[in-house]
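Let us walk through this model together, from its cysteines and backbone to its pockets. Please keep the sequence and the 3D view open beside you as you read.

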Amino acid sequence: MYPRLVVDLKKLKENLDAVAAITKEQGHCSLMIVTKGLCADKEMAKMVANHPAVDFMADSRVANIKTYAQEARKNGKMTTLLRIPMHAEVEDVVKYVDLSFNSELSTIGLLNEAAGRAGVVHRILLMIDLGDLREGIFYKNEELILHTVEEILAMDHIQLYGIGVNLTCYGAIIPKKDNLSNLVAIGRKIEDKFGIKLSMISGGNSSSIYLIGKGELPEGINNLRLGESFLLGNDTAYGAKLPGTVSDTLTLEAQIVELKEKPSLPIGEVGVDAFGQKPYYEDRGIIKRAIIAIGKQDTDIDSMEPLDEKIDILGGSSDHIILDVTKSEVDYQVGDVVRFVLGYGGMLKTATSPYVEKVYK
């Protein structure tokens, strides 16, 4: 069936080998692989769980972690929840998650109670905000950080496993030696004040890996969380391709349902489209337009690129994408399949859609 997402497990394995070598052998960091980009796909998760270099398997949704928690733990991987837990899900968190990211004492308190009822000790990573302004205690509020640590250490069923930071995802702040050194300094203050040793100082995601090659990852950072760099081979700080990786691990295939020659400019007064946006159209004259059976409900049209370089994506609606195939050397017909490589947004939406089948090679 179409549309479908073709997952090349061999290329994914090669990407995982490459980022593991960079992170562990060159950067001397533990490796946390993030599975949410492919919606914790079962074949991908199985491959990650069985990879000897992976230390942690992480996702932002407990529902995804549930699907592979048993296999991950069986293979010595610690399951990790990236998104701060909701109060409503603390029971599932302590059941399926070995390490969760937190910044709110009220939530940590509920996790402590849930862990007590379950008879376990739950590990947490206290998040520090270095300026990206997403989750975490703001790094300049040292008093609040130390107070929070003090409260955590008094809990019977919570273990402070370490501290971490997220950069780039919201504020687009690039990880640098300077800002990550602030995280290390906070970790050392915590250790000195309370006489403890933090197991993890997690220095960010795929936007931090480039620092290893530059020799600028601060000493003390001992973990990186990698999703896009593993799945698509990208350093997400500057968009560079990481050594030994490829970007065509995933291919979206969609079928042509209409092929007509029509004007390139819509006729009549232009209002807003189905998503409330006022579109812009380029006058290309009469063109050969192909409609494929996939749309914005299932993918991100700004994050996909036709393998046929002479095809242009003109736009789309919730269920359709319109292509200009005028210059293509392929004599496309209705029923033919058009193939695309995906960026992060396209991968995320396509992998999540129940209307896109997954196949493997």
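A disulfide is a pair of cysteine sulfur atoms within 2.5 Å. By that rule, the count here comes to 0 disulfides. Before going on, please note that this is a predicted model, in which local features need pLDDT of at least 70 and side-chain atom pairs count only at pLDDT 80 or more, while totals for chains, interfaces and linings use all residues. Residues are numbered from 1 along each chain as its sequence is written, and side-chain values use heavy atoms, with hydrogens and water left out.

Why does Cys29 form no bond with Cys169? The sulfur of Cys169 is the closest cysteine sulfur to that of Cys29, but it lies 17 Å away, too far for a bond. Cys39 is in a comparable position on paper: its closest cysteine sulfur is in Cys169, at 17 Å, which is too far for a bond. To describe their surroundings we need three words: buried means under 20% relative accessible area, exposed over 50%, and partly exposed in between (1.4 Å probe, protein chains only). Cys29 counts as buried because its relative accessibility is 3%, whereas Cys39, at 27%, counts as partly exposed.

Now turn to the backbone. Helices (H or I, at least four residues) and strands (E, at least two) are DSSP runs, numbered from the N terminus. In the segment before strand S1 (4-7) you will find Pro3, and the peptide bond that leads to Pro3 from Tyr2 is cis, with omega near -5°. Further along, the loop between helix H1 (9-26) and strand S2 (30-34) holds His28. The phi of His28 is near 55°, a positive value in a residue other than glycine. His28 counts as exposed, because its relative accessibility is 62%. Thr168 also has a positive phi, of about 85°, although it is not a glycine. Look for Thr168 in the loop between strand S8 (158-164) and helix H7 (177-194); at 17% relative accessibility, Thr168 counts as buried.

The loop between S8 and H7 also holds Asn166, which counts as buried at 6% relative accessibility. Which residues does Asn166 contact, leaving aside its neighbours within four places in sequence? With contact taken as heavy atoms within 4.5 Å, they are Met127, Asp132, Arg134, Glu135, Asn205 and Arg225. Glu135 is 31 residues from Asn166 in sequence, and the two are 7.4 Å apart in space, C-alpha to C-alpha. With Asn205, the side chain of Asn166 makes a polar contact of 3.2 Å. A polar contact is a pair of N or O atoms within 3.5 Å; within protein, one must be able to donate a hydrogen and the other to accept it, and residues adjacent in sequence count only if both atoms are side-chain atoms.

Helix H10 (344-352) is the place of Thr350. At 1% relative accessibility, Thr350 counts as buried. Its side chain is joined to that of Thr299 by a polar contact of 3.1 Å. Beyond its neighbours within four places in sequence, Thr350 is in contact with several residues, among them Leu5, Leu252 and Val356.

Finally, the open spaces. Rolling a probe the size of a water molecule over the atoms shows where empty space is left. On a 1 Å grid over the protein atoms alone, a cavity is a set of points where a 1.4 Å probe fits but cannot get out, and a pocket is an open set with protein on both sides within 12 Å along at least five of seven lines; lining residues have an atom within 4 Å of a point. Grid points are joined across faces, edges and corners, and a volume is the space filled by probe spheres set on the points.

The largest pocket has a volume of about 660 Å³. It is lined by 27 residues, of which Pro279, Tyr281, Leu314, Gly315 and Gly316 are the closest to its centre. Strand S12 (286-292) and strand S14 (312-316) are the elements that give two or more residues to this lining. The second largest pocket holds about 520 Å³ of space. Of its 26 lining residues, the closest to the centre are Lys36, Arg134, Asn166, Cys169 and Asn205.
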